[in-house]
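Work through the exercises below with the sequence and the model side by side. Try each task before reading its solution.

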Amino acid sequence: MPINKTIDHAKLDRIVADQRRASEQRNLGYRERALKMYPWICGRCMREFTRVNLTELTVHHRNHDHDFNPEDGSNWELLCVYCHDNEHSRYKDFSGDTSTPESKPLATGNPFADLKSLLKK
């Protein structure tokens with residue numbers, strides 16, 4: 001018996017419209033603006049990036065304030081993930097910030113608690 005597949009054009013139009021809106025929202029973000037503004041080169045190690053490895057290129061806020069994003073990009077610099085981590089480590093050492101992320105509570109349950117009785121069945 002043949003399957004009759006009809007295309008829901010209205011649904012496809014909604015999907016395309018949603019994707020276009022999402023793309024426009026992404027383009028408003030500071031990362032996308034910085035990538036359009038600056039060459040795709042790490043500001044520290046001078047490693048060059050292409051579309052293939054662009055996810056490894058990050059935007060560093062020079063004053064470490066992620067809410068300060070001037071239109072001219074003066075608070076941004078592009079750094080590879082390694083140089084970016086190094087920069088934040090240096091800043092943490094310099095500022096004396098010794099805080100660590102909150103640890104999550106350990107699991108209290110035992111997933112194997114009833115295993116012996118289950119294996120007897």
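The exercises go from the whole chain to single residues, and the model they use is predicted.

**Exercise 1. Describe the order of helices and strands along the protein chain.**

Step 1. Count the elements: the protein chain has 4 helices and 2 strands.
Step 2. Put them in sequence order, which gives the pattern α-α-β-β-α-α.
Step 3. Add the contacts: among those in the protein chain with a separation of 6 or more, 49% join residues 24 or more positions apart.

**Exercise 2. Find out how confident the prediction is, and which elements have the lowest and highest mean pLDDT.**

Step 1. Start with the chain average, a pLDDT of 84. At least 70 is reached by 86% of the residues.
Step 2. Compare the elements. Helix 4 (residues 115-120) has the lowest mean pLDDT, 82, and strand 2 the highest, 95.
Step 3. Keep a caution in mind: where pLDDT is low, the predicted coordinates should not be read in detail.

**Exercise 3. Describe how strand 2 pairs and decide whether its residues are buried or exposed.**

Step 1. Locate the partner. Strand 1 (residues 57-61) pairs with strand 2 in the antiparallel sense, over 5 bridges. Within this pairing, histidine 61 is opposite tryptophan 76.
Step 2. Sort the side chains of strand 2 by direction. Trp76, Leu78 and Cys80 point one way, while Glu77 and Leu79 point the other way.
Step 3. Check the cover on strand 2, residues 76-80: 5 of its 5 residues are buried. For the chain as a whole, 19% of the 121 residues count as buried.

**Exercise 4. List the residues of the largest nonpolar core and say which element supplies the largest share.**

Step 1. Write out the 12 members: Ala34, Leu35, Cys42, Phe49, Leu54, Leu57, Val59, Trp76, Leu78, Leu79, Cys80 and Cys83.
Step 2. Assign them to elements. Helix 2 (30-37), strand 1 and strand 2 each give at least two residues to this core. Strand 2 gives the largest share, 4 residues.
Step 3. Take one member and trace its contacts. Leaving aside residues up to four places away in sequence, cysteine 42 touches Arg47, Phe49, Leu57, Leu78, Leu79, Cys80 and Cys83.
Step 4. Set this beside a general tendency: in soluble globular proteins, nonpolar side chains tend to be buried together.

**Exercise 5. Compare three of the 5 salt bridges in the structure.**

Step 1. Begin inside helix 1 (residues 9-28), where arginine 21 and aspartate 18 lie 3 residues apart, about one turn of the helix. Their side chains meet at 2.4 Å, N to O. Arginine 21 is partly exposed at 48% relative accessibility, and aspartate 18 is partly exposed at 40%.
Step 2. Move to glutamate 77 and arginine 44, whose closest N and O atoms are 2.9 Å apart. This pair links distant parts of the chain: glutamate 77 is in strand 2 and arginine 44 in the loop between helix 2 and strand 1, 33 residues apart.
Step 3. Judge the cover on this second pair. Glutamate 77 has a relative accessible area of 13%, so it is buried, given the limit of under 20%. Arginine 44, at 36%, is partly exposed.
Step 4. Extend the second pair: Arg44, Glu77, Glu87 and Arg90 are linked in a network of salt bridges.
Step 5. Finish with glutamate 56 and arginine 47, whose closest N and O atoms are 2.7 Å apart. Glutamate 56 is partly exposed at 26%, and arginine 47 is partly exposed at 29%.

Key
Residues are numbered from 1 along each chain as its sequence is written. This is a predicted model: local features need pLDDT of at least 70, side-chain atom pairs count only at pLDDT 80 or more; totals for chains, interfaces and linings use all residues. Side-chain values use heavy atoms; hydrogens and water are left out. Buried means under 20% relative accessible area, exposed over 50%, partly exposed in between (1.4 Å probe, protein chains only). Two strands pair if DSSP finds at least two bridges between them. pLDDT is the predictor's confidence in each residue, from 0 to 100. Contact means heavy atoms within 4.5 Å. A nonpolar core is a set of buried Ala, Val, Leu, Ile, Met, Phe, Trp, Tyr and Cys residues joined through side-chain atoms within 4.5 Å. A salt bridge is a side-chain nitrogen of Lys or Arg within 4 Å of a carboxyl oxygen of Asp or Glu.
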